[in-house]
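This report concerns a ligand site and selected backbone features. Please consider the structure shown below before reading on.

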Amino acid sequence: MSPVFVPSSNIALLRESATIAVSQRAKALKAAGRQVIDLGAGEPDFDTPAFIRDAATAALNAGATRYTATEGILPLREAIAAQARAMGPAGADVEALDVVVSNGSKQSIFNACTVLFGPGDEVLVPTPSWTSYYEIVQLARAEPVEVRGARERDLKVTRADLEAAATPKTRGLMLNSPCNPTGAVYTAAELRDLLDLAHERGWWVLSDEIYRRICYSGDAASALQVAAARDNLVVIDGVAKAYAMTGWRVGWTVAPRAVSKAMGAFQSHATFHTAAASQHGALEALRQSERSDAEIARMVAEYKARRDAALAIFATEPTLPLVRPDGAFYFYFDVSAAFPGDPDAGTSFAKRLLEDHGVAMVPGAAFRTPDWIRASYAAPQAEVVEGISRAVSLWRSLQ
Ligand code: PMP
């Protein structure tokens, strides 16, 4: 007898990743012969620097083909710890034992939420935020609480916003600067304010710093630089974005020792560890910091040139509300005026833009702000310019 598939209560609230769904629709249109400009994906369009690829190849040939320690190879954990110590006061005592290497920072967030939160817990999520935060918190059976940031502050939240949303059940706070989807960056003072509040209240903070080095006014502030202490802090980072290593799947946490131990135990039953060769590639990326810095500077300069070229197009429509991004590689703009009364204007706009004008962008519903739409500029400049031009023209035609 075949069982009838009924989704288990584990995934009762799960939604498909809208960002991945858009990419897949764009790919399907391309496969059908349509010319599509894909500004949907949140993935660097650069190749991983050659010296990193070479190191991983050499490691494979030298036998890095077997299981590693659950938490990652020791030299990589040590290199990550050294980077955390160099960051600033709160990181000063970080050791390899405080680091867990995972299959991308996405798994790091999953590990942290799983071991820190559970039924009855609320986790504050500054909104808009990356789509997976809400889902991962829910998979931990806790409740994500959306906290809106004001438009005049580029949708960033303040201490007062968090205080207003907090309840006795609040257990955690997600932070992400530079922010996906807005590209907004918290200043050191803004970040300190939020971290101070979390420390006063005894909330866990998950600081997702995956875009920290993709910032157009110098590296963005890290929680390790500005927090008074790190006893409530899980810093999440990885090589995916800054080093153009998305497919390698290497992310990590820097966390208090007991939390790291629990995450290691959890991971040992889930994925065990990320690929040995990938870990050796990441190790080279961190060890060869001068070469990496040069590569990152080159890529960030390229993103900045694309951002500036696109901003010049947005400037022709000053009434189109837009967050001016200072980091990551996204534009976030409000298209609600194009579809008055539509509760999901971002999706309506994205559909029109893709089906009629061949440009893929991600509707803001994915980030719990359905009036908005996200365009990635991790794509060649000519495509970014053409894609943004078509979006601005569509917006104009709908006024
Ligand atoms: N955090 C944010 C804010 C992201 O945008 C992404 C990727 N889109 C991730 C984490 C996951 O990155 P990784 O490839 O390291 O899992």
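Does Ala244 count as buried or exposed, and what is its relative accessibility? Ala244 counts as buried because its relative accessibility is 6%, where buried means under 20% relative accessible area, exposed over 50% and partly exposed in between (1.4 Å probe, protein chains only).

## Basis of the model

The model is predicted: local features need pLDDT of at least 70 and side-chain atom pairs count only at pLDDT 80 or more, while totals for chains, interfaces and linings use all residues. Residues are numbered from 1 along each chain as its sequence is written, and side-chain values use heavy atoms, with hydrogens and water left out.

## The ligand site

The ligand occupies the space of the largest pocket. A pocket is found on a 1 Å grid over the protein atoms alone, as an open set of points with protein on both sides within 12 Å along at least five of seven lines; a molecule sits in it if more than half of its atoms lie within 2 Å of its grid points.

Around the ligand there are 13 residues, of which Ser105, Asn180, Asp208, Tyr211 and Arg249 come nearest; a residue is near if one of its heavy atoms lies within 4 Å. By class, this shell has 5 nonpolar, 4 polar and 4 charged residues, with Ala, Val, Leu, Ile, Met, Phe, Trp, Tyr, Cys and Pro taken as nonpolar, Asp, Glu, Lys and Arg as charged, and the others, Gly among them, as polar. Helix α4 (residues 104-116) gives the most to the shell, with 3 residues; helices (H or I, at least four residues) and strands (E, at least two) are DSSP runs, numbered from the N terminus.

Asn180 places a polar side-chain atom 2.8 Å from an oxygen atom of the ligand. Nitrogen atoms of the ligand are also approached: an N or O atom in the side chain of Asp208 is 2.6 Å from one, and a polar side-chain atom of Lys241 lies 2.9 Å from one. The protein buries 91% of the 400 Å² that the ligand exposes when taken alone, with areas from the Shrake-Rupley method and a 1.4 Å probe.

## Backbone features in loops

Ala244 lies in the loop between β7 (233-238) and β8 (251-254) and has a positive phi near 55°, although this residue is not glycine. Asp154, also not a glycine, has a positive phi of about 55°. Asp154 is in the loop between β4 (143-148) and α6 (159-165) and is partly exposed, at 28% relative accessible area.

A cis peptide bond runs from Thr127 to Pro128, with omega near 15°. Another cis bond joins Ser177 and Pro178, with omega about -10°.

Definitions and conventions. Polar contact = N/O pair within 3.5 Å; in protein donor to acceptor, adjacent residues only side chain to side chain. 1 Å grid on protein atoms, 1.4 Å probe; cavity = no way out; pocket = protein on both sides within 12 Å on 5 of 7 lines; lining within 4 Å.
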